[in-house]
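Hi everyone, thanks for coming along. Let me put the model up on the screen, and then we can walk through it together.

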Amino acid sequence: MIKKPYKHVFVTVGTTEFEDLVQAVISVKVLKQLDCLGCETLTIQFGRGTEPRIESIENPTNIRVSGYGLKNSIGEDICRADLVISHAGAGSCIESLEAGKPLIVVVNETLMNNHQTELAERLSKDSHLFYCTPDTLLQTLTESNFNLLQKLGAGALDSFVNHLDKFMGFL
């Protein structure tokens with residue numbers, strides 16, 4: 001089987017902060033695995049979190065790492081990406097899936113009343129994404145076959161939004 005190189009990887013934590021995800025992505029082991037997947041550029045949107053000191057990252061690869069906090073839209077970064085690694089916020093997930101990008105959702109287990117796990121489980125069950133925690137990101141990157149992911153079909157978001165509305169108690 002020929003594997004597609006994932007040259008451009010985009011990581012997003014949304015508008016808040018998710019330090020555990022950022023630290024997992026810039027770890028030596030994850031960088032090495034991204035390199036094995038063909039990654040050449042890694043862009044990290046770190047939200048309101050601490051800006052990673054890119055120049056001091058121990059990077060045993062030739063991956064060019066860059067980052068930024070917030071901007072009006074991450075749509076361009078998602079469109080450019082060959083692989084998206086995202087927090088489990090509904091907006092980021094939907095935008096990535098609508099763009100047809102392979103997606104790994106990293107659930108923030110420190111959040112109370114964590115609806116993110118429900119969202120990630122549902123979309124994973126329908127084979128739209130893979131999900132993990134910061135501690136299992138390396139394993140997910142290593143073991144996942146992104147060719148198995150299904151694109152969102154017509155009306156898939158309507159079904160998902162209804163599911164989310166029921167879960168949140170709006171229906």
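**A walk through the model**

Let's begin at one small spot: helix H2 is followed by Gly 38, whose phi is positive, near 95 degrees. When I say helix or strand, I mean DSSP runs numbered from the N terminus, with helices being H or I of at least four residues and strands being E of at least two.

Before going further, a word on what you are looking at. This is a predicted model, where local features need pLDDT of at least 70 and side-chain atom pairs count only at pLDDT 80 or more, while totals for chains, interfaces and linings use all residues. Residues are numbered from 1 along each chain as its sequence is written, and side-chain values use heavy atoms, with hydrogens and water left out.

Now the overall picture. The protein has seven helices and six strands. Reading from the N terminus, the order of elements is β-α-α-β-β-α-β-α-β-α-β-α-α. There are 171 residues, and 46% of them count as buried; buried means under 20% relative accessible area, exposed means over 50%, and partly exposed is in between, using a 1.4 Å probe and protein chains only. The protein exposes about 9,200 Å², with 49% of that supplied by carbon and sulfur atoms. Those areas come from the Shrake-Rupley method with a 1.4 Å probe, and for residues only the protein chains shown count as cover.

Back to H2, which covers residues 28-36. Which of its residues are buried? They are Val 30, Leu 31, Gln 33 and Leu 34. These residues sit on the same side of H2, because they cover an arc of only 160 degrees around the axis; that arc is taken from the directions from the helix axis to the C-beta atoms. On the face turned away from the buried side, you find the exposed residues Lys 29 and Cys 36.

And what do the buried residues of H2 pack against? Their partners are strand E1 (8-12), helix H1 (19-25), strand E2 (41-45), strand E3 (64-68) and helix H6 (137-143). Contact here means heavy atoms within 4.5 Å.

That brings us to the inside of the protein. The largest nonpolar core has 31 residues, and Leu 34 of H2 is among those with the most contacts inside it, along with Leu 21, Leu 42, Ile 44, Ile 85, Leu 137 and Leu 141. By nonpolar core I mean a set of buried Ala, Val, Leu, Ile, Met, Phe, Trp, Tyr and Cys residues joined through side-chain atoms within 4.5 Å. At least two residues of this core come from each of E1, H1, H2, E2, strand E4 (83-87), strand E5 (103-106), strand E6 (130-132) and H6. H1 gives the most, with four residues. Elsewhere, a second, separate core of 16 residues includes Ala 81, Cys 93, Leu 103 and Val 107.

Cys 93 also belongs to helix H4 (residues 90-98), where the buried residues are Ser 92, Cys 93, Ile 94, Ser 96 and Leu 97. Just after H4, Gly 100 takes a positive phi of about 75 degrees.

Next, please find Gln 45, in strand E2. Is Gln 45 buried or exposed? Gln 45 counts as buried, because its relative accessibility is 2%. Its side chain reaches the backbone oxygen of Gly 69 at 2.8 Å. Leaving aside neighbours within four places in sequence, the residues in contact with Gln 45 include Phe 10, Tyr 68, Leu 70 and Ile 74.

Last stop: charged side chains. The structure holds five salt bridges, each being a side-chain nitrogen of Lys or Arg within 4 Å of a carboxyl oxygen of Asp or Glu. Lys 71, Glu 76, Asp 77 and Arg 80 are linked in a network of them. Within that network, Asp 77 meets Lys 71 at 2.9 Å, N to O, and Asp 77 also meets Arg 80 at 3.7 Å, N to O. Arg 80 and Asp 77 are separated by about one helical turn, because they are three residues apart in helix H3 (residues 75-80). Asp 77 is buried at 6% relative accessible area, whereas Lys 71 is partly exposed at 41% and Arg 80 is partly exposed at 44%.

Finally, Asp 126 forms a salt bridge with Arg 122, the closest N and O atoms being 3.3 Å apart. Thanks for listening!

How values were computed
Polar contact = N/O pair within 3.5 Å; in protein donor to acceptor, adjacent residues only side chain to side chain.
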